[in-house]
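Reader: I am new to this structure and should be grateful for a close look at a single part of it. Please take the backbone and the helices around that part into account where they help.

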Amino acid sequence: MNKETASLIDEAAQSTTALGPLVGLAREDFVGAVALLLRETAGNPVRTLRHSQALGKDMVQILTGKSGLAPDPKDKRFKDPAWQYNPFLRAGAQYYLAVEKGMKNWLEELELDAIERDRANFITQIIIDSLAPTNSLIGNPTAQKRLIDSGGLSLIKGLKNAYNDLVHNKGQVSQVDKRPFKLGENVATSKGSVVHRTPIMELIQYAPTTDEVHAIPQLTIPPQINKMYINDLSPEKSIVKWQVDNGIQTFVISWKNPMKNEGHWNMADYVGACREAIDVICKITGAKKVNVSGGCSGGQTTAMLASKMAADGDDRLGTVTLMVCVLHPQQNDIEAGALMTENGLKLAKRRAAKKGIIKGSDLSRGFAWLRPNDLIWNYVINNYLMGEDPPAFDVLFWNADATNLSAALMGDFLTIFETLAFTKQGEVEMVDHKIDLSKVISDVFLLGGVTDHITPWRACYRSTQLFGSKDVTFVLSQSGHMQAILNPPGNPKAKYYVSRAEGHPPADVDTWLGGAEEVAGSWWPFWMEWIQQRSGQKVPAPKKLGNKAYPPMEGAPGLYVLEPA
């Protein structure tokens, strides 16, 4: 694998789709951000003229060859030597850099509040990125060289790739070559069976690989966007395999991809399905408790489940593990957060309710345009201009296997965001109870990712203060969103941070970080030891999956993951 492909994979893997408040962005929010810029342009013509003159001076220096503007050495778009030695290309890059510089200088002088400034900066950067000369064949010397070296074949292949995306990928530029992957053959290969199926979910039990297992089983609640096999991508990075190989009785929910007539499924329905899964697990294993884990939106669902069970006096909940999950969001946590407005959230809810569902392809397309350099222009250059196939990478294959989101569930997630429901003790009602995480006394394990821009780790850390648990452990893994989770033993660059201090984690995240220890290696063994200590005594492993009441059906990963979006 060359450096360019590795970089392409890494950037896309860090930007995998995640369910959060961004699903509530309405097109009016983008229009409003542009209108803000136009208002400031018209409101102070003297300032605008001054910056136009400064841009004009830069243009004169470029024309006379006296400009000192040069791209950042770290900007890989301009790494080709031609940008430095070819005077026409160098001038083209300098024009682009002059516009970028002029826009940034102009934005710095605008009289805006913090949210408006973030909004203006974000939308401006999207516009500037789209204007980069490297996004076109005439302005990309690397692609021009490939065209000559290939005798025109790269252009033909690029046009073919563009046609295939237009016809077979709903007009989106492909981020992954899906052809090498097939579920059950080289992806999601751990042995197991569906032991229970309802209209909303399948419950999969995985076969033990040890002679003895811990008495308390583990249930994984996946996100409602994308599919459950992120937990079992390949043997070397399978959380499922890691669990069963360490004597954990492993169960995973597989959500059905909702169609339009199922758009009424809401948080209560999903939490009810989780409760039903726990019922089945207890009957199959004979356990009185079930440890539960969830990531991203699955983590929010897990937190709601924990609150509901505590309210009902249901003591079957064992430990709670939440990975890259934000329960206490703030608008400035993420770059695009500044775009969200109260009116936009209402419009997004209304449109979703009318359609019944939000299509997975629409969510993926909208998410990509929030990070266009990483998720659009990189692939336009690679697939269309260079005529290369997109990389074949299992995480990207999973990310491209998007599912729909029911309108009712989207509305509930937005309500959680708007009301900060998890931070209020008994003030917000949802799922037939008043949400109160302070009543949850289960031991809690929280995971954040150092470079996660989707669920920033400092936002994840705020969850340490929400639970009534005496035992709360926070671990900070290297890398970004899904890569922080899929960080198995064997990676020589792997490391994580954890505090060995006794007592509850401090409210101040920097205080925690100051006392945290850097540990070389994967966080998986640390988490497994933590889980095993809370999974009861060892008992003989079951010889068969399921039981008479819940006999095994289709093999893992089940039928619901095979349904198209």
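Author: Strands here are DSSP runs of E with at least two residues, numbered from the N terminus. The model is a predicted one. With that convention, Val431 can be placed in the loop between β10 (429–430) and β11 (433–434). Val431 is not a glycine, yet its phi is positive, at about 55°. Most residues other than glycine have a negative phi, and most peptide bonds are trans. Val431 has a relative accessible area of 9% and is therefore buried, the cut-off being under 20%.

A related case is Ala188, in the loop between α8 and β1 (192–197). The phi of Ala188 is positive too, near 60°, and a relative accessibility of 2% means that Ala188 counts as buried.

The helix before that loop, α8 (residues 153–168), has an axis that comes within 7 Å of the axis of α14 (residues 372–385), and the two cross at roughly 120°. That angle makes α8 oblique to α14. On the α8 side the contact involves Ser154, Gly158, Asn161, Ala162 and Asp165, which meet Asn383, Tyr384 and Leu385 of α14. By class, this contact comprises three nonpolar, four polar and one charged residues.

Two further backbone features may be set beside these. Gly313, which follows α11, has a positive phi near 75°; in α11 itself, 13 of the 16 residues are buried, so the helix is largely enclosed by the rest of the structure. The peptide bond from Ala556 to Pro557 is cis, with omega near 10°, and Pro557 lies in the segment after β16 (538–540).

Key. Residues are numbered from 1 along each chain as its sequence is written. This is a predicted model: local features need pLDDT of at least 70, side-chain atom pairs count only at pLDDT 80 or more; totals for chains, interfaces and linings use all residues. Side-chain values use heavy atoms; hydrogens and water are left out. Axes are lines fitted to C-alpha atoms, for helices over the stretch in contact, and angles run from 0 to 180 degrees between N-to-C directions. Helices (H or I, at least four residues) and strands (E, at least two) are DSSP runs, numbered from the N terminus. Angles under 35 degrees count as roughly parallel, over 145 as roughly antiparallel, 65 to 115 as roughly perpendicular and the rest as oblique. Contact means heavy atoms within 4.5 Å. Ala, Val, Leu, Ile, Met, Phe, Trp, Tyr, Cys and Pro count as nonpolar, Asp, Glu, Lys and Arg as charged, and the others, Gly among them, as polar. Buried means under 20% relative accessible area, exposed over 50%, partly exposed in between (1.4 Å probe, protein chains only).
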